[in-house]
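Colleague: Could you walk me through the pockets of this model, please? I would like to see how you get to each value.

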Amino acid sequence: MPGCHDALSARLVEEAGFELGFMSGFAVSAARLAMPDAGLISYGELADQARNICRAVSIPLIGDGDTGFGSAQNIKRTVQGYADAGFACIMLEDQVAPKRCGHTEGKSVVSRDEALMRIRAAVDAREAGADILIMARTDARACVSLEEAIERCRGFRSIGADVTFLEAPLNEDEMRRYCASVDGPKMANLIEGGRTPLLPHALLESIGYTIAVYPLTLLNVSIAAMRGALSELRAGAPATAAMDFEALKAAVGFPDYYAEEARYRTV
């Protein structure tokens, strides 16, 4: 499951044949604000980005809902808002606000009781009619211990979370302990240069993971490509990696637009 940050990157995920995509809060904060994933982006900005992203594709998407943006009532509103935007699932976490990317420094988590309250509120919103699944994430591995993170995931499942996500296990053994200790679907977060090893898909599946998310790959390679092109332009040379103009027009949808324009052309 690749991460996306805007409508075009979401469409490219679908075009490449993936069955599922993920709106990464880190990537949206970077692309929309040019700011780090440190609680700086708001619910309204993420929800607006979500609507554009979900409209651009037909595959199901999971949306990063951060901490839910406040109290139980805020969390319920966030869940309903993400469902209205078109997400198939929302991810909610147990960090103290303002939250941070799970593979960076300075994280802290709320108490286990508050973490469970957040997921209980999300499940209540789902049960009240929000057509969306709930993914419960914990960052307690880095802030407390692996054992605490596993216990939180068990608690999340007991109150109705559809998927759990134990962030940033440090090695294969920790990944195996989590998968063996918690029932239900589980997600592995695979970040190039992050804290969790990038294990092969077949091994992840055999360990017990259901989803392997690559949340930052598209953002990562796009920054590298843009820097390379800018360096070439600065030196007075054309960008060697650039597509030709016809391919660019096709990528952003001009052929479909022209076909529709012809259908409704009047004489």
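Modeller: Happy to, and one definition helps at the start: Ala, Val, Leu, Ile, Met, Phe, Trp, Tyr, Cys and Pro count as nonpolar, Asp, Glu, Lys and Arg as charged, and the others, Gly among them, as polar. The model is predicted, so local features need pLDDT of at least 70 and side-chain atom pairs pLDDT 80 or more, while totals for chains, interfaces and linings use all residues. Residues are numbered from 1 along each chain as its sequence is written, and side-chain values use heavy atoms, without hydrogens and water.

Colleague: How many nonpolar residues are in the lining of the second largest pocket?

Modeller: A pocket is an open set of points on a 1 Å grid over the protein atoms alone, where a 1.4 Å probe fits, with protein on both sides within 12 Å along at least five of seven lines; lining residues have an atom within 4 Å of a point. Met1, Phe18, His201, Ala212 and Tyr214 are the closest to the centre of the second largest pocket. By class, its lining has 3 polar, 1 charged and, to end on your number, 13 nonpolar residues.

Colleague: Which element gives the largest share of the lining of the largest pocket?

Modeller: Helices here are DSSP runs (H or I, at least four residues), numbered from the N terminus. Two or more lining residues come from each of α1 (7-15), α10 (217-234) and α11 (245-251). The largest share, 6 residues, comes from α10.

Colleague: What is the volume of the largest pocket?

Modeller: Grid points are joined across faces, edges and corners, and the volume is the space filled by probe spheres set on them. For the largest pocket that gives about 610 Å³.
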